[in-house]
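The following exercises ask the reader to work through a protein structure step by step. Each task is followed by a worked solution.

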Amino acid sequence: MPTKDIAGVTVEVNEEGYLTDPTQWTQAVGEAIAVEEGISLMTEEHWKLVHFLQKDYAENGVMPTIRRVKSTGGIPVKELYALYPGGPLKKSSKIAGLPKPASCI
Amino acid sequence: MKQLVILGAGTAGTMMANHLVRKLDRTQWGLTVVDQHATHYYQPGFLFIPFGTYSEADVRKPKADFIPKGVTHIQEGIDRIKPEENRVVLADGRELPYDILIIATGCKIAPEETVGMTDEGWRRDIFDFYTIEGAVALRDRLKDFTGGKLVIHLNEMPIKCPVAPLEFTLLAEAFLTHKGVRDKTEITYVSPLSEPFTKHNCAVVLGGMLDEKRITFVSDFNCERIDPVARKLICYDEREVAYDILVTVPTNMGDACIARSGMGDELNFIPTDKHTLQSNAHANVFVIGDATNLPSSKAGSVAHFQADVLTENIQRFIAGKPLDPGFDGHANCFIESGYNKAFLIDFNYDVEPVEGAFPIPVVGPFKLLKETWLNHMGKLAFRWIYWNLLLKGRPMPGITTKMSTVGKKLNKQKGA
Ligand SMILES: Cc1cc2nc3c(=O)[nH]c(=O)nc-3n(C[C@H](O)[C@H](O)[C@H](O)COP(=O)(O)OP(=O)(O)OC[C@H]3O[C@@H](n4cnc5c(N)ncnc54)[C@H](O)[C@@H]3O)c2cc1C
């Protein structure tokens, strides 16, 4: 398993840079990944999504879909795209230290 | 007398009725199946209707022909389930008490979920092929198509038969070539996924085919709305795709009766144990087929594998024994690619589609993840197998419930 030095710590990641052990996540790690993803400042709105993903994943063991973020997390899809341009769930789940959302089959 | 009630007499519910009528002690157990419709449609056949390969008559038979003797068949809508009271309420107000409930209400398209989809463009230049009405309307439109922009669109995952939109795209390419209008047609495949298919190995092979056949792939496209007047799809990130004919696979949802019963997730799929098929919320409720929230494919072949496990588990549940966690996510799909050829893929929760032979390792006769004429013949034979073996719960020669890895090139797998 590859590792990565980020925000002063070493974390385990997969080949796409997603953390493989969510317990290695800290807010500082999240902020550093955000910078790599082109988000230089994580605002309260950015964190709202990250925290929703973390809570929902902990409760259900699967990554929520965009639909679920909208209906259960209460965040409009348009806003997700404004906050995380180009792939809201892919970026935010990486920042949250969670697996890449698998498009279920 | 105890009661086992099956909701839905589609692929999965019909199979379960046929299995259980042979396995349950009929002096102890009454068996009832409820469905709103009289006609059973062979849904995989809908794919071929727009191209005139199958007619409506080829894909329908009376449901009653497949419900075995000794099973009470009620043709009525299901209003709701009251799981705390162990009762089902029908649309006419009748109530059915149950000791064990099997939910097999499937899923269907919900085009109204997308803004602009069902406005004036619907079935004028926006079509689906997931319903008999949509497939027939599309056939009539394609008949006199003389070229332009043909866009095939997948709105949101999960959908039943996840390979169907790609198959449609490849078949349309061949159809338009035969018709002599391929050079006047731009074909575009639009998907919310990053790759043309959910399984990486398969996406690589199929992606290559799209390039070869000059089909443009637009990825990561989450449709915000459709503008039926300007005829374009609009993404949340403001990208636009223009069409003359849009063939869409709208959002798929479980039946509204599941929402009325308070038993579903945000798409009305029922949280279900992915190995035993018991509902997460109620021990005497089991779920099979497209109605579940399982991360397996929603396909008839999958329901067939699930039916074997569920038949065993109903017997165990009645006997008070621990359930068999036997369902491994096994799926087996033919993928039509046009010009009388097809691919075949075989995979489960843990193993991605790989090359090999099926159903007999090394021998075949079908080749996995390869495009062959014989695979295409297998796809066409599936209709006969569906009506004559699958629905009746008879074994399919050589095909096992649990996926076999013998003779498969597993080293081709990506990652873990
Ligand atoms: C275009 C297309 C191509 C496909 N191709 C393939 C393929 O090649 N291979 C493959 O394996 N699978 C394929 N499938 C998928 C396959 O058809 C389904 O996965 C399968 O039919 C699911 O079975 P089911 O019993 O869960 O649902 P269904 O067969 O859809 O049955 C559900 C039943 O429940 C009834 N019902 C629902 N709600 C109510 C209610 N409130 N009251 C009363 N009755 C109700 C419905 O009337 C219906 O009869 C395809 C599907 C489509 C649309």
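A residue is called buried when its relative accessible area is under 20%, exposed when it is over 50%, and partly exposed in between. The model used in these exercises is predicted.

**Exercise 1. An aromatic pair in chain B**

Describe the pair formed by B:F286 and B:F317, and classify each residue as buried, partly exposed or exposed.

Solution.
Step 1. A search of the whole structure yields 18 aromatic pairs over all chains. One of them consists of B:F286 and B:F317. The ring centres of B:F286 and B:F317 are 5.5 Å apart and the planes make an angle of 80°, an edge-to-face arrangement.
Step 2. The pair links distant parts of the chain, with the two positions 31 residues apart: B:F286 belongs to strand β20 (residues 285-287) of chain B, and B:F317 to helix α6 (residues 300-319) of chain B.
Step 3. The relative accessibility of B:F286 is 0%, so B:F286 counts as buried.
Step 4. The relative accessible area of B:F317 is 29%, so B:F317 is partly exposed.

**Exercise 2. A parallel sheet in chain B**

Determine the order of the five strands in the open sheet of chain B and identify the edge strands.

Solution.
Step 1. The order is β11-β18-β12-β13-β14 (chain B), and the pairing is parallel.
Step 2. The strands β11 and β14 (215-218) of chain B pair on one side only, and are therefore the edge strands.
Step 3. Strand β12 (residues 148-154) of chain B is joined to strand β13 (residues 185-190) of chain B by six bridges. Within this pairing, B:I152 stands opposite B:Y189.
Step 4. Five bridges connect β12(B) with strand β18 (residues 245-249) of chain B, again in parallel. Here B:H153 faces B:T248.
Step 5. Together with helix α3 (residues 164-179) of chain B, the strands β12(B) and β13(B) make a right-handed β-α-β unit.

**Exercise 3. The surroundings of strand β12 in chain B**

Explain why β12(B) is described as largely enclosed, and examine B:V151 as an example.

Solution.
Step 1. Six of the seven residues of β12(B) are buried, so the strand is largely enclosed by the rest of the structure.
Step 2. B:V151 is located in this strand. Its relative accessibility is 1%, so B:V151 counts as buried.
Step 3. Leaving aside residues up to four places away in sequence, B:V151 touches B:T188, B:V190, B:L233, B:V241, B:A242, B:Y243, B:I245, B:L246 and B:V247.
Step 4. By way of a distance, the C-alpha atoms of B:V151 and B:A331 are separated by 28 Å, and these residues are 180 residues apart along the chain.

**Exercise 4. A second set of parallel strands in chain B**

State which strands pair with strand β1 (residues 2-7) of chain B, and give a bridge partner in each case.

Solution.
Step 1. Strand β2 (residues 29-35) of chain B pairs with β1(B) in the parallel sense over six bridges. In this pairing, B:K2 has B:W29 as its bridge partner.
Step 2. Strand β9 (residues 100-103) of chain B runs parallel to β1(B) and is joined to it by four bridges. The partner of B:L7 in β9(B) is B:I103.
Step 3. A right-handed β-α-β unit is made by β1(B), helix α1 (residues 11-23) of chain B and β2(B).

**Exercise 5. Two helices and what covers them**

For helix α2 (residues 132-143) of chain B and helix α5 (residues 88-95) of chain A, list the buried residues and name elements that cover them.

Solution.
Step 1. Helix α2(B) has twelve residues and reaches 17 Å from its first C-alpha to its last, close to the expected 16 Å.
Step 2. In α2(B), the buried residues are B:I132, B:G134, B:A135, B:V136, B:L138 and B:L142. Their cover includes β3 (39-41), β11 (126-127), α3 and β18 of chain B.
Step 3. Helix α5(A) is mostly covered, with seven of its eight residues buried. These are A:P88, A:L89, A:K91, A:S92, A:S93, A:K94 and A:I95.
Step 4. The cover of these residues includes α1 (27-36), α2 (44-60), α3 (66-71) and α4 (77-83) of chain A.
Step 5. One of the buried residues of α5(A), A:K94, lies over the face of A:Y18, at 5.2 Å from the ring centre.
Step 6. After α5(A) comes A:G97, which has a positive phi near 75°.

Definitions and conventions. Residues numbered from 1 in each chain as written. Chains lettered and ligands numbered in written order. Predicted model: local features only at pLDDT ≥ 70, side-chain atom pairs only at ≥ 80, totals over all residues. Heavy atoms only, no water. Buried < 20%, exposed > 50% of the residue type's maximum accessible area, 1.4 Å probe, protein only. Pairing = 2+ DSSP bridges. Right-handed = clockwise from strand over helix to strand, strands pointing away. Phe/Tyr/Trp six-rings, centres within 6.5 Å; stacked < 30°, edge-to-face > 60°. Lys NZ or Arg CZ within 6 Å of the ring centre and 35° of its normal. Expected span 1.5 Å × (residues − 1). Contact = heavy atoms within 4.5 Å.
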